[in-house]
Amino acid sequence: MHGRVKVKSTAQQEEEKRKEREKKLKIYIAARDGCFTKRKEGVFDDEALQLTQQLLSSNPDFATLWNYRREILMHLETVKEVDEVQKIYEAELLFLESCLKVNPKSYGSWHHRSWVSARLPRPDWARELSLCDRCLSLDDRNFHCWDYRRMVVKMFNVPVDQELKFTDRLIGSNFSNYSSWHYRSTLLPLLHTTASELPPMQAESPKSNRVCEEQLLKEYELVQNAFFTDPNDQSAWFYYRWLLGRAELEEMISCLHVSREEEQVAVVFSRPVNVQSGCLLLVLDGQPHAVEWKSIHPRFKHSPVWICNLPPGTISEISNEHNLTVHWTEKHSRKDCTLFTGHAESWCQDSATDQELFRSELSVEKNSVLQSELQSVQQLQELEPLNKWCLLTLILLMRALDPLSYEKEMLAHFQTLKEVDSMRSAYYSDLCSKFMIENTILKMEYAEVRVFSVSDKNLSTLCHLDQLVLVTHINLSCNQLLCLPPQFAMLRCLEVLEADNNSIGNLEGLYHLPKLEAVILKDNKIATLADLEPLTSCPRLKRLDLRGNPVTQLANVESELAKLLPSVLDLLL
Amino acid sequence: MAAEDLPSEFDVVILGTGLVESVVAAACSRVGQRVLHLDRRSYYAANWASFTFNGLLSWIQQQQDDTQPEETQDWCDLLEEGEELIQLSSQSSIRNLQVFTYTSKEDEVEEASADSVNTTEEEQHGPASQDDDSNQENLENHENQEENKENQVNHENQEENKENQVNQENQEENQENHENQEVNHESQEATITEGAEPEAEQPQSPAIPSQSEPSRKKISFAQLEKEGRRFNIDLVSKLMYSRGSLVELLIKSNVSRYAEFKKVSRILTYRNGEVEQVPCTRADVFASRQLSVVEKRKLMRFLTSCIEEKDDQSAYNGRPYLEFLRDQKLGENLQHFLLYSIAMVTEDTPTEVGLASTRNFLRCLGRYGNTPFLFPLYGLGEIPQCFCRMCAVFGGIYCLRHSLRCLLLDTATNRCKAVIDSRGQRISCSHVLLEENYVHERKNVATPPRFLSRAVLITDSSLHGSDSEQEVSMVTIPPITEGAPAVKMVELSSSTMTCMSGTYLVHLNCSSVSSAYQDLSPLITTMFSTPESHDQGRPSVLWCLYFNMEDGSAMEVEGHDLPSNVYVCSGPDGELGHEHAITQAELIFHKILPEEDFCPPAPNPEDILYDGGSAPSSGPEEEPSLQLEV
């Protein structure tokens, strides 16, 4: 047909493009070589500045050239007037802007910019701040820009409330932005720490990470708006978890136990520690004693429970009364305990209930606040019954409010969670186990007994064992436990272990338990004699029930066991 | 081209430069058809045109004394054997024009000083090329515009801008430019106030209702006239759906390179006597203060769920959409937003239509911005001109103030063999396109034409204040009384280059129930402040225009007792988008050229081969320029 516009063929275009590229490459290589030669010769002149500029504007990730450029600039600083230097650096900033347009995530360009900004005789931080804002409006997740912005904010002393408004704006335009939420979480504790004046950014963050109540309520509203708008967006939920807080445990000695017969002292700390010689001081009847502290299992360098053996004979005489004190010099914490005449043991323990130990997942907010939060999350859950974030948060809120009375609802929510988020069902099982153990500890405390019973609760893991130092009887039967972990060795007073109907194949935690007499392991997965090896460290073991374990199928198992565990009199196979 | 004759043979002759005609012209020219494109008017785009303020005033004048003496002449000497004459005459599709000026005609005496300040400012800031001649002719203005556009195009080419899309970057650059301009304007404003009332510290945000600052100077009619060329007032009121067929066509054909666009920044609605912002994106919903958290959840859930077609939805087919919304347990707030602002339908619209409309809205969200709409800088009248330009680039010939007198029908084949133009020249052609105004007399009398009611207001502040003075808003207004029409309103700020700084251009559009004034003035009186309104705390109307325009949506492409190769292009319809026009243009194109691709991408200018080898790789680009026929 006539009259049509003739267009170059693709091959023609390709050829032209190729030639163009070749030409560009030649120029590029020539300029690069020129730069390298100049640098080798130690030339720091304007031409070098020009050359590097040409190269860097087409490839801003050429670190060597940035270095060369910095060398030149530092040289110019020494030979030029301040005003001229100012001009050179201002030009440098302009040049960098063009580089950032080519690649807004170039490490080299951003690094060079912060270098230049720091050396600029009269920096214009306001301008830098607006540059950052523009970059972030184009890509609110550009972490290079976030980093640079932090530096600018610090140098410019931007007030906290202004920065908070900045995050308001970013969150307003897109609330799926961890950077903004996280930045907010660093700002809030700085805000209103003193009611009168706002501290500048570089003020050291205060010890307490808590946010004042008024601001906190605003934050709850903001974040609720986010998770009601899009409950599948995790960033808001994570921020919510942070807001609900986490009480920081005081570091201290929470329990001291002394046993006359073993002449042994056990110390329980509020968190795992590594006891170095000298940092724990044991005073017996007014006399300091040099003792050797051991963690409860050789696997642990850090442990919440440490034990020591007193020199033989120091407390073995039953008619004597002894006063024992342990000082944790580092943290100025101490515990006293008196071993009265005629008593075989004595202890001093802080109550888990009083410490609100298990509420620490969510902090110490006022009940009324938590209650209203619970209501709004419940409201969301009615609208979105299968939302995992909502369910999980609901569980956490319930636990913070009243772990025991919400137990049934919690279990139901865990069940739903495992169904809607089956990929993480094992995580939910472990979490649920933890909460069930916490509840049992609380119940045990209320009952003032030393018997710990969590049978048939679908436990998949054991935790909080440091809270069970004084327990004499433990019943773990009918759960899904796979092992007795090394932490199990913290149960210093344990006499009877019932763990039938689990899937236990590993007894590592039955390690040097001085009082352990009976171990019921019916219907488990103990397969070899080696699995039973740890039991040899328990001197008083008399009764062992291994019925329904694969190990019983081994040839000569009875005689082998008699050899391995000569103290066991009552063996059930 | 008064003396020269046109070539005597074309493939396609098109009369009228409306959107449909222009798109077909571009499409035909692009695939090598010889196109002659005529318009009897002195401006492009017919009823799709934009005018400067002064241009609009003369257009109004023209419409009011619309006497077009058609000299009947005997063309029989141009007839060949077996041919018959079909006389063409046009009829205006504009009715009931009414103009109201609510601002003082002249500046007050004390303003004179302010005014002079203003002028000097302008001389400092304004482009040197633009003479401040208020008596400038309409046509001249147009030429200026053309020039500007060409500069723009060259500029783009220089930047080697080969993007095949509506160029976001450009938009942003533009926005920056606008921001600069804004600053200028602001300083200008500041100077004015300083001159007039040196003691008053006036807030510059229009967000504050004018009531609270009675000292605020109203812009006078004289100022409007003087700044008239800052206005680009459209005869139609439409927006471009960001995934609508017009945008897709602009992208596909590379015509987008001739225009620039601005995002519509928010959707507003009028409810219980108040203007509210409609939350339609995730960020809007998050930030909304009108909605409770539970409403937020319900709205988000509805919006995400209705994207897919589901069985429970089809159960509502034929039943009102409102009923469907009610049964989704959405509260009244949400029902209003979803029905009137997002689906933009009425209470009795069937569910399937409402859902389709909602889906279309959602599909368009987020492509370019937080609303589904774009608006072309310098007004919608740019769009037909962009297609004309594309047509001219590929060899189409353009004559304004040039019409056709009659069609020559070959009685044997019932085809139009040739046309006779307004200068009496016989031009052979294979296909003819006519704008609908030429076939009025042939229309079916049984169905009287439907009309649109239009109003154009120039106001002094935005309906809904915000941090930015440069919001571009789509406002949906449900019927204010029983039986009243639902109105679609677009409020343009000066950043769209359609009005002078300090003013807003407001377009209202609805299907006519009676005259435009009767349909729209009650609403305008309540939403704005006019001499008739009671509540003065609203944006003041400085000037306003009412008119009715024939609704082009019912026009058939063929028939009308015309030869089989003559097609009729309809004028603007009442819908917000451009689907009707673009669909019709594609339909006509395929009737003319069934085998050809509709508007394939135009090649980059440097890839075009000219006679005698490749284009010069350097130097100014040789692109055939748009011919202006006078």
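Student: Which elements make a right-handed β-α-β unit in chain B?

Tutor: Keep in mind that we're looking at a predicted model. The two strands you want pair in the parallel sense, over four bridges. Put a helix together with them and you get the right-handed unit, made of strand 1 (residues 12-15), helix 1 (residues 19-30) and strand 2 of chain B.

Student: Which residue of strand 2 of chain B is the bridge partner of B:Val13?

Tutor: Look at strand 1 of chain B and strand 2 of chain B, which are joined by four bridges in the parallel sense. Follow B:Val13 across to strand 2 of chain B, and its bridge partner there is B:Leu36.

Student: And what stands opposite B:Leu36 in strand 12 of chain B?

Tutor: Strand 2 of chain B also runs parallel to strand 12 (residues 397-400) of chain B, with four bridges joining them. Within strand 12 of chain B, the residue opposite B:Leu36 is B:Ile397.

Student: How many of the residues in strand 2 of chain B are buried?

Tutor: Check both faces of the strand. On one side, B:Val35, B:His37 and B:Asp39 are buried, and on the other so are B:Leu36 and B:Leu38. Strand 2 (residues 35-39) of chain B is mostly covered, then, and the count of buried residues is five of five.

Student: Zooming out, what percentage of the residues in chain B are buried?

Tutor: Chain B has 16 helices and 24 strands. Among its contacts with a separation of 6 or more, 75% come from residues 24 or more positions apart. As for burial, of the 630 residues in chain B the buried ones make up 56%.

Student: Is B:Arg401 buried, partly exposed or exposed, and what is its relative accessible area?

Tutor: B:Arg401 lies in the loop between strand 12 and strand 13 (404-410) of chain B. Its phi is near 50°, a positive value in a residue other than glycine. B:Arg401 counts as partly exposed because its relative accessible area is 43%.

Student: What about B:Met497: buried or exposed?

Tutor: B:Met497 is another loop residue, found between strand 19 (487-492) and strand 20 (504-511) of chain B. Phi is positive here too, near 60°. The cut-off for buried is under 20% relative accessible area. B:Met497 has 16%, so the verdict is buried.

Student: Which strands stand at the edges of the eight-strand open sheet in chain B?

Tutor: Read the order, which is 5-21-17-20-19-18-9-10, with mixed pairing. An edge strand has a single partner strand, so one side of it is left without a neighbour in the sheet. The edge strands are strand 5 (94-101) and strand 10 (274-277) of chain B.

Student: In that sheet, which residue of strand 20 of chain B stands opposite B:Ile458?

Tutor: Strand 17 (residues 451-459) of chain B and strand 20 of chain B run antiparallel, and eight bridges join them. Directly across from B:Ile458, in strand 20 of chain B, is B:Leu505.

Student: Over in chain A, by how many degrees are neighbouring strands of the four-strand open sheet turned against each other on average?

Tutor: This sheet has the order 5-4-8-9, and its pairing is antiparallel. Strand 5 (287-289) and strand 9 (333-339) of chain A stand at its edges. With direction ignored, the average turn between neighbouring strands is 25°.

Student: How far apart are the C-alpha atoms of A:Asp285 and A:Thr325?

Tutor: A:Asp285 is in the loop between strand 4 and strand 5 of chain A, and it is partly exposed, at 38% relative accessible area. Leaving aside residues up to four places away in sequence, A:Asp285 touches A:Glu321, A:His322 and A:Asn323. A:Thr325 is 40 residues away along the chain, yet the C-alpha separation is 8.3 Å.

Student: Last one: helix 2 and helix 4 of chain A come within 8 Å, so how are they oriented?

Tutor: The axes of helix 2 (residues 46-58) of chain A and helix 4 (residues 82-102) of chain A cross at roughly 25°. Angles under 35 degrees count as roughly parallel. That's why helix 2 of chain A, relative to helix 4 of chain A, is roughly parallel.

Student: Which residues of helix 4 of chain A make that contact?

Tutor: By class, the contact has four nonpolar, two polar and no charged residues. Helix 2 of chain A brings A:Gln53, A:Leu56 and A:Ser57. From helix 4 of chain A come A:Phe95, A:Cys99 and A:Val102.

Note on methods
Residues are numbered from 1 along each chain as its sequence is written. Chains are lettered from A and ligands numbered from 1 in the order in which they are written. This is a predicted model: local features need pLDDT of at least 70, side-chain atom pairs count only at pLDDT 80 or more; totals for chains, interfaces and linings use all residues. Side-chain values use heavy atoms; hydrogens and water are left out. Axes are lines fitted to C-alpha atoms, for helices over the stretch in contact, and angles run from 0 to 180 degrees between N-to-C directions. Angles under 35 degrees count as roughly parallel, over 145 as roughly antiparallel, 65 to 115 as roughly perpendicular and the rest as oblique. Contact means heavy atoms within 4.5 Å. Ala, Val, Leu, Ile, Met, Phe, Trp, Tyr, Cys and Pro count as nonpolar, Asp, Glu, Lys and Arg as charged, and the others, Gly among them, as polar. Buried means under 20% relative accessible area, exposed over 50%, partly exposed in between (1.4 Å probe, protein chains only). Two strands pair if DSSP finds at least two bridges between them. A crossover is right-handed if, with the strands pointing away from the viewer, the path from the first strand over the helix to the second runs clockwise.
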